[in-house]
Amino acid sequence: MARLAHWLRLAVLLGVTAMFAFPSQEAAAGVNLPKLERGKGDACVEDTETMRRHHMNMLKHQRDKTMRQGIRTTKHSLKGCVECHAGSHTGSVASAREDFCMACHVYAGVKLDCWNCHATRPADKAPTRVGATPRGETSPILASTLNGASQ
Ligand code: HEC
Ligand code: HEC
Ligand code: HEC
């Protein structure tokens, strides 16, 4: 039931965020965007243009595979994004407006619920299943508070 609600909400969000796609080619090229900190390493998991346009689909595909079929690949993992894109000031991808994932999303009017469960910082614990919080682990809600993530 919870998962159904989750996917329904995602489907609705998808429809809404489609309307917020970059208004112009220049914006897509980053001209009007807040300055994004460069990721770690030499390159992203795909070329920059592909990442700008299709990262949302990659992440969903990845999640589908992991959660529904139990297949684990790491190339497009969310954990990977966080490891390479955590900001040098906050150490997080989404706790301040200038953090990597948030900078664009604030601009584009996109809100993510991912950080309710997923860590915004590298080396945090794997997401905790809702309703099953093992002893010693922070509940997803508390974790998001600790991360200071609101989107
Ligand atoms: C209700 C909690 C919850 C929410 C909200 C949530 N996830 Fe997840 N996610 C999980 C759990 C649990 C797993 C399985 C973790 C594992 O296998 O390590 C997972 C796994 C994943 C994976 C595969 C593992 C990885 O690190 O790549 C991806 C990708 C992913 N989620 C993306 C997302 C994205 C993108 C969002 C937001 C649009 C999101 N999730 C929102 C709970 C959640
Ligand atoms: C191995 C480190 C690494 C991983 C893992 C990684 N990135 Fe990147 N990412 C980079 C680097 C480096 C760049 C800059 C590439 C360039 O411009 O030459 C980049 C660029 C990007 C850009 C374009 C930024 C811009 O300037 O417009 C987006 C969007 C992006 N990454 C999203 C993601 C997402 C989403 C994930 C997870 C699916 C991810 N990245 C995983 C290192 C990484
Ligand atoms: C270059 C700007 C940019 C960066 C950087 C960026 N995003 Fe996005 N993201 C967008 C835009 C624009 C959309 C909405 C696109 C659409 O709906 O067509 C979006 C949508 C998404 C969605 C789908 C939202 C939904 O509810 O359907 C996910 C998931 C997502 N981004 C994850 C991430 C993560 C994780 C990072 C950081 C690793 C990140 N993004 C960094 C621009 C960016």
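This briefing walks you through a predicted model of a protein chain and the surroundings of one of its ligands. The protein chain has 6 helices and 0 strands, so a good way in is to follow the helices and see which residues they bring together. Two places deserve most of your attention: the nonpolar core, to which α4 and α5 each give at least two residues, and the shell around ligand 2, to which α3 and α4 each give two or more.

**The chain as a whole**

- Reading from the N terminus, you will meet the elements in the order α-α-α-α-α-α.
- The protein chain has 151 residues, of which 15% count as buried.
- Take the contacts between residues at least 6 apart in sequence: 56% of them join residues at least 24 apart.

**How far to trust the model**

- The average pLDDT of the protein chain is 74, and 60% of the residues score at least 70.
- Over residues 16-27, pLDDT stays under 50, and the model has 11 contacts beyond four places in sequence for this stretch.
- Residues 131-139 also have pLDDT under 50 throughout, with 7 contacts beyond four places in sequence.
- Where pLDDT is low, the predicted coordinates should not be read in detail.

**The nonpolar core**

- In soluble globular proteins, nonpolar side chains tend to be buried together.
- Here the largest nonpolar core has 11 residues: C81, V82, A86, V93, A94, F100, C101, M102, A103, W115 and A119.
- Helices α4 and α5 each supply at least two residues of this core, and the largest share, 4 residues, comes from α5.
- V93 is a handy member to start from: leaving aside neighbours within four places in sequence, V93 is in contact with C81, V82, H85, A86, D99, F100, C101 and T120.
- A119 is another member of the core, and this residue lies in the loop between α5 and α6 (140-147).
- Why does A119 count as buried? A119 has 27 other C-beta atoms within 10 Å, and the cut-off for buried is 20 or more.
- V93 and A119 are 26 residues apart in sequence, while their C-alpha atoms are 9.0 Å apart in space.

**Helices α4 and α5**

- The buried residues of α4 (78-85) are C81, V82 and H85.
- These three residues lie on the same side of α4, because they cover an arc of only 95° around the axis.
- What do the buried residues of α4 pack against? Their partner is α5 (100-108).
- On α5, the buried residues are F100, C101, M102 and A103, and what covers them includes α4.
- Just after α5 comes G109, which has a positive phi, near 75°.

**The loop between α4 and α5**

- E98 is found in this loop, between α4 and α5.
- E98 counts as partly exposed because it has 15 C-beta neighbours inside 10 Å, between the cut-offs of 12 or fewer for exposed and 20 or more for buried.
- Not counting residues up to four places away in sequence, E98 touches P34, G87 and A103.
- For E98 and G87, the separation is 11 residues in sequence and 8.2 Å in space, C-alpha to C-alpha.

**Around ligand 2**

- Ligand 2 is surrounded by 20 residues, and the closest are G39, C44, G80, C81 and C84.
- Two helices give two or more residues to this shell: α3 (48-69) and α4 (78-85).
- Which helix gives the largest share of the shell? That is α3, with 6 residues.
- Sorted by class, the shell has 9 nonpolar, 8 polar and 3 charged residues.
- C81 appears in two of the pictures above: C81 is among the closest residues to ligand 2, and C81 is also part of the largest nonpolar core.

**A closer look at C84**

- C84, one of the closest residues to ligand 2, lies in helix α4.
- Is C84 buried or partly exposed? C84 is partly exposed, with 16 other C-beta atoms within 10 Å.
- Beyond residues up to four places away in sequence, C84 touches G39, K40 and G41.
- C84 and A43 are 41 residues apart along the chain, and 9.8 Å separates their C-alpha atoms.

Definitions and conventions. Residues numbered from 1 in each chain as written. Chains lettered and ligands numbered in written order. Predicted model: local features only at pLDDT ≥ 70, side-chain atom pairs only at ≥ 80, totals over all residues. Near = placed C-beta within 6 Å. Nonpolar A, V, L, I, M, F, W, Y, C, P; charged D, E, K, R; others polar. Arc of directions from axis to C-beta. Contact = placed C-beta atoms within 7 Å. Core = buried A, V, L, I, M, F, W, Y, C linked by C-beta atoms within 7 Å. pLDDT = per-residue confidence, 0-100.
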